[in-house]
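Subject: Structure for you to look at, with notes

Dear colleague,

I am passing on the structure we spoke about, with the sequence alongside. Please open it first and keep it in view while you read the notes that follow.

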Amino acid sequence: IDLLEEPITAYVVGYNGRYETDFGMIHKVIDIAAKYHLTMDMFYHPIYIHSYPACRAAIEEALRYIESKGIIAVHKGNDRLWKWWDARSRSQITDVTVEEKGVSFTAHCASDAGMIVKVPMEVGFDMASPTQPTDAVNCDGEHAAYQIRNEFGRDWVYVIVPAGSHRVEIRQ
């Protein structure tokens with residue numbers, strides 16, 4: 001059977017009882033999810049959303065905090081998260097060619113929304129400005145949207161790839 005274990009990782013965070021809030025805890029869980037690119041299941045009992053002003057305030061604070069930090073978050077219910085994760089699991093990278101001045105590969109994206117392919121940049125690999133697209137990154141021979149980010153101790157090229165199979169080239 002298709003199965004995805006989805007642990008509840010932020011169970012009723014941000015409030016203690018009917019009126020007491022704990023926004024610091026909300027900030028912590030969101031910061032961790034953003035830093036490590038995690039899915040975060042923030043669970044709140046419907047009865048507490050209805051009956052506890054502090055619970056509603058916690059949810060509002062989570063949304064406010066995400067926006068204030070400029071975090072790009074996708075909000076999904078559990079069923080849509082499963083569909084996304086299933087498509088992600090069926091996606092793959094094949095036919096990788098590494099050369100002195102770049103790398104190319106075929107990206108097979110099973111998600112209708114597309115995907116981001118994260119490619120490590122080698123030392124000395126010099127591309128244009130992280131925010132100015134050039135012909136350094138191509139998808140099927142056309143300029144592709146990308147971003148250079150420093151995360152987890154190194155620089156990465158994040159390439160946006162649409163649904164389907166596409167040939168991607170990243171060159172210096």
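Ile 116 counts as exposed because its relative accessibility is 55%, where exposed means over 50% relative accessible area, buried under 20%, and partly exposed in between, with a 1.4 Å probe and protein chains only. Ile 116 belongs to strand 7, residues 115–120; strands (E, at least two residues) and helices (H or I, at least four) are DSSP runs numbered from the N terminus. Leaving aside neighbours within four places in sequence, Ile 116 is in contact with Tyr 158, Val 159 and Ile 160, contact meaning heavy atoms within 4.5 Å. Ala 145, which is 29 residues from Ile 116 in sequence, is 9.8 Å from it in space, C-alpha to C-alpha.

Before going further, a word on the basis of these notes: this is a predicted model, in which local features need pLDDT of at least 70 and side-chain atom pairs count only at pLDDT 80 or more, while totals for chains, interfaces and linings use all residues. Residues are numbered from 1 along each chain as its sequence is written, and side-chain values use heavy atoms, with hydrogens and water left out.

Next, the strand pairing. Strand 6, residues 102–109, is mostly covered, with 7 of its 8 residues buried, whereas strand 5 lies largely in the open, because the number buried among its 8 residues is 0. Strand 5, residues 92–99, runs antiparallel to strand 6 and is joined to it by 6 bridges, two strands being counted as paired if DSSP finds at least two bridges between them. The connection from strand 5 to strand 6 is a hairpin of 2 residues. Across this pair, Thr 97 stands opposite Ser 104, and Val 98 stands opposite Val 103. Strand 6 also pairs with strand 12, residues 164–171, in the antiparallel sense, over 8 bridges, and in strand 12 the bridge partner of Val 103 is Ile 170.

Ile 170 appears again in the interior. The largest nonpolar core has 18 residues, and those with the most contacts inside it are Val 159, Val 168 and Ile 170; a nonpolar core here is a set of buried Ala, Val, Leu, Ile, Met, Phe, Trp, Tyr and Cys residues joined through side-chain atoms within 4.5 Å. At least two residues of this core come from each of strand 6, strand 7, strand 8 (137–139), strand 10 (146–151), strand 11 (154–161) and strand 12, and the largest share, 4 residues, comes from strand 6. Apart from this core lies another, of 13 residues, among them Ala 10, Val 13, Cys 55 and Ile 66. In soluble globular proteins, nonpolar side chains tend to be buried together.

Turning to charged side chains, a search of the whole structure finds 4 salt bridges, each being a side-chain nitrogen of Lys or Arg within 4 Å of a carboxyl oxygen of Asp or Glu. One of them joins Glu 61 to Arg 64, with the closest N and O atoms 2.7 Å apart. Both residues lie in helix 3, residues 53–68, at a spacing of 3 residues, about one turn of the helix. Glu 61 counts as buried because its relative accessibility is 8%, while Arg 64, at a relative accessible area of 43%, is partly exposed.

Another salt bridge links Asp 86 with Arg 90, the closest N and O atoms being 3.2 Å apart. These two are separated by about one helical turn, because they are 4 residues apart in helix 4, residues 78–90. Asp 86 is partly exposed, with a relative accessible area of 22%.

Glu 151 forms a salt bridge with Arg 149, with 3.1 Å between the closest N and O atoms. Glu 151 is buried, at a relative accessible area of 12%, whereas Arg 149, in strand 10, is partly exposed at 32%. Leaving aside neighbours within four places in sequence, Arg 149 is in contact with Arg 154, Asp 155, Trp 156 and Tyr 158. The C-alpha atoms of Arg 149 and Lys 69, which are 80 residues apart along the chain, are separated by 17 Å.

With best regards
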